[in-house]
Amino acid sequence: MILARVAVRSLRAIPKAQTFKLQNSNWSPTQAQWLQTVNKRLASSIIKDTMGGEGGAESAAKNLKNRVAGSGVKTLPQVDEPLETALSPSRTRALRKKRLAIDELSALGFLNTRGFTTADEYNLEELHAALKQQNLYETKRFFSTDNLGIEQNVLFVAAKYPTGEQPREIFFFREGSVVFWNCNDIETNNVLNFLRNFERESYVSALVHGESEMMPYTYIASTAVDVEGDLVADSNDLDVASRAFFQNGKFYVTPDSDNFLYKYTFSNAMAQSIKLGMWEATLDRYIDSMEYLTEDLKRGRRLRISRASMLRKTGELFALRHSINLSSDLLDAPDFYWDREELEGLYLQVCSYFSISRRTKVMNEKINHCVELAELVSHNLNDAHHIRLEWMIIILIMVEVGFEILHFVEGALHHGSDAIHSASPYPISENSA
């Protein structure tokens with residue numbers, strides 16, 4: 001009985017995710033007999049291995065796994081999980097839940113669009129030239145979203161070699177974001193590795209994958225009907241129903257050749273949300289780095305930071321505030337949508353789904369509290385520096401007074417000795433002898 005229990009434990013130790021389930025319902029008698037022989041040999045080898053000592057169960061499981069692999073049972077390929085070790089448990093659970101929902105929608109015919117923010121900025125000119133030389137992607141558009149058209153800040157490419165019915169497309173944004181349309185994980189990782197040569201101030205890989213966004217989309221006809229069979233848009237509104245719209249976290253677009261602007265609008269809103277997520281993570285790290293200063297202030301201890309370090313910390317804070325409020329379009333819709341009302345409505349709808357306005361407001365509130373803390377610490381350090389300078393001046397004055405006292409004493413002694421010599425009535429001379 002003991003040997004049987006050990007054998008059962010060893011069998012349970014085999015990872016179920018690495019082997020296919022054997023289907024023996026339609027096997028011939030010869031194949032069934034062969035399977036029974038293999039099972040008996042495996043069971044007997046397990047019982048022999050369990051007699052070897054304390055590590056018998058582990059060695060039995062290992063040997064059984066090797067024998068199963070060599071007996072014709074196919075193994076599933078190992079799938080690398082995204083880098084979630086650097087994320088919080090709540091964020092990890094959210095990612096897994098979201099991935100499960102995406103998988104369910106994929107079974108219903110939805111495709112995936114996924115966005116990343118990998119750096120502060122891309123060199124799009126060099127990236128454009130490198131993609132042409134690579135000859136894997138065809139440049140569809142390289143354009144500027146600024147009304148002045150001074151700098152081209154969006155690169156839109158499509159794969160030359162199709163792998164399915166739907167096209168694979170990529171949007172590159174100069175501010176360091178990239179959005180993939182209908183690209184699998186292998187292609188996505190290859191492009192992200194290729195992008196490293198054109199990045200400025202790259203982000204940590206774990207943070208890049210942790211703050212990424214994945215959204216489902218599908219192509220629809222002019223009469224848009226969702227997967228439940230309900231009409232999701234008014235068919236009388238041809239501009240919306242026949243082109244593109246966003247509903248319940250899903251993006252619907254027609255497979256027309258001129259749907260580029262709708263995909264760009266959706267990609268732009270997604271890129272804004274991902275960039276904001278990176279800034280949120282940056283602010284969280286900044287808050288963690290300043291936490292010990294609040295503890296020092298609370299306990300009345302000497303602040304463990306120098307004036308130069310505090311100045312750098314303040315500079316980081318104002319640089320982050322500048323990026324959020326001045327260098328981005330988080331507070332208002334970009335000028336690109338000023339004369340494109342339909343695209344502006346779609347952009348604002350997607351931004352509302354990602355809660356960009358609320359998150360931006362929360363970030364500014366956090367930054368205001370951090371600014372107050374930085375100013376308090378700076379004033380405390382400046383006061384301590386001023387007190388130190390005042391004590392140095394006092395010490396220098398005391399040294400100067402000491403030297404003056406010594407000079408006065410020395411002068412008084414010298415004057416007294418001269419007065420004694422001049423007051424003597426019998427001066428001694430050399431010829432008096």
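Colleague: Which side chains meet in a salt bridge at 2.7 Å, N to O, with E125 as one partner?

Modeller: A good place to start! This is a predicted model, and in it the side chain of E125 forms a salt bridge with the side chain of R174, at 2.7 Å from N to O. E125 lies in helix α5 (residues 124–134), while R174 sits in the loop between β5 (169–173) and β6 (177–181), so the pair ties together parts that are 49 residues apart in sequence.

Colleague: Are these two residues buried or exposed?

Modeller: To read that, look at relative accessibility: under 20% is buried, over 50% is exposed, and partly exposed is in between. E125 has 40%, so E125 counts as partly exposed. R174 has 8%, so R174 counts as buried.

Colleague: Which residues are linked with E125 in a network of salt bridges?

Modeller: The network links E125 with E151 and R174. Across the model the count comes to 13 salt bridges.

Colleague: Could you show me another one, within a helix?

Modeller: Happily. R299 and E295 meet through their side chains in a salt bridge of 2.7 Å, N to O. Both lie in helix α10 (residues 291–299), 4 residues apart, which is about one turn of the helix. R299 counts as exposed because its relative accessibility is 55%, and E295, at 26%, counts as partly exposed.

Colleague: What is the N to O distance in the salt bridge of E138 and K140?

Modeller: For that pair it is 3.9 Å. The cut-off for a salt bridge is 4 Å, so a pair at this distance still counts. E138 is partly exposed at 39%, and K140 is partly exposed at 44%.

Colleague: Now I would like to look inside the protein. What does S267 touch?

Modeller: Leaving out residues up to four places away in sequence, S267 touches F171, F173, V179 and W181. S267 is placed in helix α9 (residues 260–289), and at 0% relative accessibility S267 counts as buried. A polar atom of the S267 side chain also lies 2.8 Å from the backbone oxygen of K263.

Colleague: And on the outside, which residues make the nonpolar surface patch of about 830 Å²?

Modeller: That patch is made by I387, W391, I394, I395, M398, V399, F403 and L406. Take I395 as an example: I395 lies in helix α13 (residues 356–422) and has 47% relative accessibility, so I395 counts as partly exposed.

Colleague: How do I describe the chain as a whole?

Modeller: Begin with its secondary structure, which comes to 13 helices and 10 strands. Of the 433 residues in the chain, 37% are buried. The chain exposes about 27,500 Å², and carbon and sulfur atoms supply 55% of that area. Then turn to the contacts between residues at least 6 apart in sequence: 67% of them join residues at least 24 apart.

Colleague: What average pLDDT does the protein chain have?

Modeller: The average is 75, and 67% of the residues score at least 70. Over residues 225–231 the pLDDT stays under 50, and the model has 8 contacts there beyond four places in sequence. Residues 233–242 are also below 50, with 18 contacts in the model beyond near neighbours in sequence.

Colleague: How should I treat such stretches?

Modeller: Where pLDDT is low, the predicted coordinates should not be read in detail.

Notes. Residues numbered from 1 in each chain as written. Predicted model: local features only at pLDDT ≥ 70, side-chain atom pairs only at ≥ 80, totals over all residues. Heavy atoms only, no water. Patch = residues over 30% accessible without salt bridge, like charges linked within 9 Å, V, L, I, M, F, W, Y side chains within 5 Å. Areas by Shrake-Rupley, 256 points an atom, 1.4 Å probe, with all protein chains shown as cover. Helix = DSSP H or I, 4+ residues; strand = E, 2+ residues; numbered from the N terminus. Buried < 20%, exposed > 50% of the residue type's maximum accessible area, 1.4 Å probe, protein only. pLDDT = per-residue confidence, 0-100. Contact = heavy atoms within 4.5 Å. Polar contact = N/O pair within 3.5 Å; in protein donor to acceptor, adjacent residues only side chain to side chain.
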